[in-house]
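Hi,

Here is the structure I said I'd pass on. Have a look at it first, and then read my notes underneath.

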Amino acid sequence: MSTRQSPEKSSEGRANTRPLALIAGPTASGKSALALRLADAWTDTGKREARIINADSMQLYRDIPILSAAPGPQERERHPHLLYGEWDGAEACSAAAWADRAKDEIDAAHEAGALPILVGGTGMYIKVLLEGIAPIPEIDPEIRAVVRALPVDSAHAALMIEDPERAIQLAPTDSQRIARALEVKRSTGVTLADWQRARTGGIAEEVDLHAAVLLPDREALYRRCDERFEAMLRKGAVAEVETLLERDLDPALPVMRAIGVPEIAAYLADETSRADMIAAGQQATRNYAKRQFTWLRHQSGAGWPTVHESGESQNIPTDNLFAGLLRD
């Protein structure tokens, strides 16, 4: 059972005894390499241990360790790695479900005198963990059905009347977010923005956060994305997808939509050539990195230092980047 205290009971003194490192960045930015170096630096100071906790929405699934670029046996032998491959692909893991598990692992690390190091590029997961989640009630199924059946232009026009603040923020073609905002307002009578301002369960005030965001040069990052996808194929990604497809899972599950799975599945079904599959997988990886890059650039916490090199670069001295953490 977790021993977490609620934010109302937390104090500055308590937070100071609960350090939490966070390394965020887009795919292929070298987050795992930097996390290992930080863990080495922490243990070299004579402290007990460091525990690396996954914050990547795809590395959660045990079915796709290659395509998700999950840390391998050598990395795991250096330091404990938690929440990697913990979910079966048949189960969709929500941000809230992950955050609950992450909170428990962070608590356990603190109780053992270990440093939890959160590593990942799934911005929504990190946001939910630190800031909490909006306590939105279940949406009325009839309202959801009506809203989801609306053409996007009609839904956007309705949202302009019922929640103009949100409607102005959204692109008129963003059907998913428009529908979500409209169904929340109609079902609860409260706008999505007001629900989000009532977030609960975040741990930001309970921990002493030491964060860094990796945002290396984009062109270099895209080259790494291309190289990584080809390396995944050499490591057995095609066989990995073959095994996954044999499970006949719901195509809507997150694991079935992981980058590389649809592209390789099309290749296995003889719907595309190997060359086209590689090109499509590389493009999907670059597109994802671009979305992460944009999210992290605009949504990262105030004061989080940004590193414009790959986390694998030896030019990033952990003792400077995490000076406050390693000095304590």
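To start you off: in which hand does α6 cross α9? The crossing is right-handed. Please keep in mind that this is a predicted model.

A bit more on that pair. Helix α6 covers residues 141-149 and helix α9 covers 175-188; they pack at about 145°, and their axes are 9 Å apart. On the α6 side the contact is made by Ile 143, Arg 144, Val 147 and Arg 148, while α9 brings Ala 179, Arg 180, Leu 182, Glu 183, Arg 186 and Ser 187. Sorted by class, that contact has five charged residues, four nonpolar and one polar.

Now for another helix pair. Helix α4 (residues 95-111) packs against helix α5 (residues 123-131) at an angle of about 60°, with 9 Å between the axes. The two are therefore oblique to each other, and their crossing is right-handed. From α4 the contact takes in Ala 95, Ala 96, Trp 98, Ala 99, Ala 102, Lys 103 and Ile 106, and from α5 it takes in Met 124, Tyr 125, Ile 126, Val 128 and Leu 129. Here the split is eleven nonpolar, one charged and no polar.

Next, the sheet. It is an open one of six strands with parallel pairing, and the order is β3-β2-β4-β1-β7-β8. β3 (81-82) and β8 (306-307) are the edge strands, each pairing on one side only. β3 is joined to strand β2 (residues 50-54) in the parallel sense by two bridges, and Ile 52 stands opposite His 81 of β3. Helix α5 turns up again here: α5 packs on the sheet, touching β1 (19-24), β4 (115-120) and β7 (208-214), and its direction makes about 160° with that of β1.

β4 is worth a look of its own. Which strands does it pair with, for instance β2 or β1, and over how many bridges? With β2 there are five bridges, in the parallel sense, and with β1 there are four, also parallel. Leu 118 is a handy landmark: Leu 22 stands opposite Leu 118, and Leu 118 is also the bridge partner of Ile 53.

Is β4 covered or exposed? Mostly covered, with six of its six residues buried. Leu 115, Ile 117 and Val 119 point one way, and Pro 116, Leu 118 and Gly 120 point the other. That fits the usual pattern, as side chains in a regular strand alternate between the two faces of the sheet.

Cheers

Note on methods:
Residues numbered from 1 in each chain as written. Predicted model: local features only at pLDDT ≥ 70, side-chain atom pairs only at ≥ 80, totals over all residues. Heavy atoms only, no water. Axes fitted to C-alpha atoms, helices over the stretch in contact; angles between N-to-C directions. Parallel < 35°, antiparallel > 145°, perpendicular 65-115°, else oblique. Left-handed = near helix turned anticlockwise from the far one by under 90°. Contact = heavy atoms within 4.5 Å. Nonpolar A, V, L, I, M, F, W, Y, C, P; charged D, E, K, R; others polar. Pairing = 2+ DSSP bridges. Buried < 20%, exposed > 50% of the residue type's maximum accessible area, 1.4 Å probe, protein only.
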